[in-house]
Structure formats: structure tokens, C-alpha cells
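Reader: I would like to learn how to read a structure of this kind with some care, beginning with the surroundings of the ligand and ending with the backbone. Could we take the features in turn?

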Amino acid sequence: ETPAKPVAEQLVDTLTELAGGPHPGFRSNHAKGIVVEGHFTPAASAAEVTKAEIFTAPHPVVVRYSNATGVPNSADNDGSAFPKGIAIRFQLADEASADLVCISVNGFPAVTPEEFLGLLQAVAASRDSQAQPKPIEAFLGQHPAALRFVMTPKPVPESFATQPFFGVNAFKFTNAQGETRYGRYRIEPVGGAKFLNADAAKAVDADYLMHELPGRLQQAAYSYRISVQLADPGDEVNDATSVWPDSRQIVELGTLTIDRFRTDGAAFEKTMMFSPLNLVDGIEASDDPILHARPVTYSISFNRRLQSH
Ligand code: HEM
């Protein structure tokens with residue numbers, strides 16, 4: 001009997017299967033994307049929460065926006081292309097870097113990588129299933145957090161520039177006084193969140209988000225407020241399905257400004273991988289098992305796409 005593959009490998013296999021892949025050279029999740037550049041300027045309040053150098057001095061950034069799923073040509077306005085992703089790389093001295101990798105929904109469908117695999121396998125098993133209920137219906141019936149995530153409205157944004165994003169996984173922040181707090185990132189468009197109405201969302205072209213951005217950047221830069229929502233004592237910090245109340249303290253970390261489209265983005269993104277555990281001193285991982293599964297899974301996807309393109 002062959003031993004079961006590690007969960008991270010099964011996750012990549014199942015994402016690939018769901019996307020009708022393999023699609024050589026593409027990410028097995030968040031395959032369709034676009035790369036832009038700009039800079040981050042810290043707010044004075046950041047020092048209350050963290051001594052991390054990415055939030056204490058200005059830095060250049062490279063940003064990749066993406067659609068969910070491993071389908072390289074997914075329609076930007078299709079439900080399956082949600083959540084949208086944003087991956088931000090802070091470029092530090094001596095080739096060092098730190099990453100923030102966030103999605104457009106505040107929450108996650110699973111507490112552990114095993115449970116997330118169960119969800120993906122249920123979706124895959126439902127494709128040609130005659131069973132009543134279908135495997136995915138049975139799974140959602142037994143997993144309220146997954147049902148909640150599926151039911152969360154995912155409105156179609158006017159632009160990536162008008163889409164808010166959430167860190168979902170908590171990190172442990174330490175300031176210069178040695179005080180520690182758990183928190184989750186929030187990324188909010190300074191110009192306000194803006195979405196299309198239902199008719200407009202149906203009418204836009206399949207690549208409208210990717211096509212809109214270069215023109216927008218020729219006109220003007222745009223920006224986001226990056227902040228951290230702090231946990232109160234007793235809040236779940238190791239469970240990505242457990243969304244904290246909006247009443248929790250939010251501390252501004254600074255402003256992310258995007259001012260350039262990266263014309264070589266399609267080639268550039270193939271050679272690089274973002275990781276939510278690419279961190280600097282002053283920010284540590286929580287014990288959230290989803291967070292710890294991510295770099296392992298992303299590396300498998302990265303290795304496969306490097307070998308196949
Ligand atoms: C166990 C749970 C998860 C699995 C199995 C998973 C899987 C993946 C995989 C395979 C990739 C492609 C990596 C690459 O080839 O570079 C990816 C990318 C990505 N993931 Fe996840 N992911 C998980 C959780 C999350 C969470 C919680 C978030 C956000 C809060 C997230 C946001 C993203 C984003 C934005 C990208 C695209 C990064 C880029 O532009 O390169 N993922 N994910």
C-alpha cells in the first residue's frame with residue numbers, strides 16, 4: 001500500500017484538478033493576475049503596534065492582484081474568480097523582502113488544511129455526481145463556517161483599486177517596548193470601496209479588471225490605507241473562520257500607493273512566489289494551522305510551475 005501524500009501536496013493536486021489543469025507555468029491557485037508597483041509610507045501610529053521595519057520607514061513595493069482558482073483565463077466577473085487576491089512585497093535593503101498576502105473576503109471556509117482539502121474534494125466529487133445531496137451540499141451541511149464563507153456576498157469591484165482586502169490569518173506584533181498584540185491586516189481603498197451593480201457586473205468583459213488598471217495608472221496613482229485589527233483577550237487568534245467583531249480596535253499602519261503598471265508583469269510573476277510567512281522582526285506567525293500550511297503549499301505550486309513552463 002502506498003502511503004497517503006502529504007496534505008499540502010493533495011491540496012495542490014486538488015486545486016489543479018478543479019482548474020482543469022495542469023496549466024504549465026501557472027499558479028495552481030490565483031493563476032490569473034496582474035503586477036503593479038508603488039511605495040508604502042508608514043503612519044506614526046504603526047509604532048504603537050510593531051517595530052517592524054516595513055512599517056517604520058518608507059519602502060518600494062511590488063503588488064500582484066489575482067483571481068481565485070488555478071484557471072489562467074477565468075472571467076474577472078465570474079463568481080468562481082472570488083475571492084480576489086492581493087500580494088504585496090516590501091522591498092528592503094540587500095535583496096531582503098517581506099510579504100502581505102490577503103484576500104477580498106474577511107474570513108476563511110476552514111480551520112485546518114485537512115478541512116480545506118475536504119471542502120475542495122467535495123467540490124471535485126460533486127462535478128459529475130448524481131448523489132442527493134451532492135457531496136458539497138453534505139459537506140456544507142456539516143461545516144457551518146464553510147457555508148458562511150460560500151454565502152458571504154462577493155460583490156464585483158469597479159477596479160482592483162476600489163476593492164478592500166483582508167489578512168484573515170492573525171499575526172503576533174511586537175513594538176519597541178516589547179509589548180505584543182495579535183492582529184489581522186485590513187487594506188482599504190482611500191477613495192472608498194466601489195462595486196458594480198448587478199447589471200453592470202454581467203455586462204463587463206471577462207478581462208475588465210486586468211484591462212482597466214494600466215489605463216487608470218496612466219491617469220493617476222491610487223492608494224489604500226493599511227491597518228491592523230487588534231484582538232481582544234479571548235478572541236480566537238488561531239482560527240481563520242472566526243471573524244472578530246468590527247468593534248475591535250483598528251490601528252493605522254500607513255498608506256500603500258500604487259503608481260505604475262509593470263509591463264513585464266506576466267514574465268516577472270512566473271519567477272517569483274509570495275509567502276505570508278516571509279516576515280521581518282516585529283511580526284511573527286500565530287499558531288493558525290491554515291497560515292502554516294500556506295508556505296508549504298505555495299512552494300509545491302511554485303516548484304511545479306517553474307519546472308513546467
Ligand atoms: C490551506 C489554505 C490555502 C491553500 C491550500 C492555498 C493555496 C494557494 C496556492 C497553491 C497558491 C499559489 C502559490 C504559487 O504558486 O505561488 C496560492 C496563492 C495565493 N493565496 Fe492561497 N491558499 C490558502 C489560503 C489562503 C489564505 C488564507 C489567503 C489570504 C488570506 C490566501 C491568499 C492567496 C493569494 C492572494 C495568492 C496569490 C499570491 C500571488 O499573487 O502570487 N490563500 N494559494
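Author: What follows is a walk through a predicted model, going from the ligand shell to the nonpolar core and then to the backbone.

Reader: Which residues come nearest to the ligand?

Author: One begins with the residues around the ligand, and here there are 32 of them, of which Asn29, His30, Gly85, Val168 and Ser301 come nearest.

Reader: Which helices and strands each supply at least two residues of that shell?

Author: The idea is to trace the shell back to its elements: helix H1 (7–18), helix H3 (113–126) and helix H9 (289–308) each supply at least two residues, as do strand E2 (59–66), strand E3 (85–91) and strand E4 (97–103). Helix H9 gives the most to the shell, with eight residues.

Reader: How many residues of the shell around the ligand are nonpolar, polar and charged?

Author: Sorted by class, the shell around the ligand has 18 nonpolar residues, beside 10 polar and four charged ones.

Reader: Turning to the nonpolar core, which residues have the most contacts inside the largest one?

Author: A core is read from its contacts, and the largest nonpolar core, which has 68 residues, has Val63, Ile86, Ile88 and Cys102 as the residues with the most contacts inside it. Taking Ile86 as the case, and not counting residues up to four places away in sequence, one finds that Ile86 touches Val63, Tyr65, Cys102, Phe165 and Ile187.

Reader: On the backbone, where are the peptide bonds that are cis?

Author: For such bonds one looks at omega: the bond from Gly21 to Pro22 is cis, with omega near 5°, and Pro22 lies in the loop between H1 and strand E1 (33–42). A cis peptide bond also joins Phe82 and Pro83, where omega is about -5°, and Pro83 is found in the loop between E2 and E3.

Reader: Which residues have a positive phi although they are not glycine?

Author: His30, in the loop between H1 and E1, has a positive phi of about 55° although it is not a glycine. Thr69, which lies in the loop between E2 and E3, likewise is not a glycine and has a positive phi of about 80°.

Reader: Do I call His30 and Thr69 buried or exposed?

Author: Here the cut-off matters, since a residue is buried if 20 or more other C-beta atoms lie within 10 Å of its own. His30 counts as buried because it has 27 C-beta neighbours inside 10 Å, and Thr69 counts as buried because it has 22 such neighbours.

Key. Residues numbered from 1 in each chain as written. Predicted model: local features only at pLDDT ≥ 70, side-chain atom pairs only at ≥ 80, totals over all residues. Near = placed C-beta within 6 Å. Helix = DSSP H or I, 4+ residues; strand = E, 2+ residues; numbered from the N terminus. Nonpolar A, V, L, I, M, F, W, Y, C, P; charged D, E, K, R; others polar. Core = buried A, V, L, I, M, F, W, Y, C linked by C-beta atoms within 7 Å. Buried ≥ 20, exposed ≤ 12 C-beta atoms within 10 Å, placed from the backbone. Contact = placed C-beta atoms within 7 Å.
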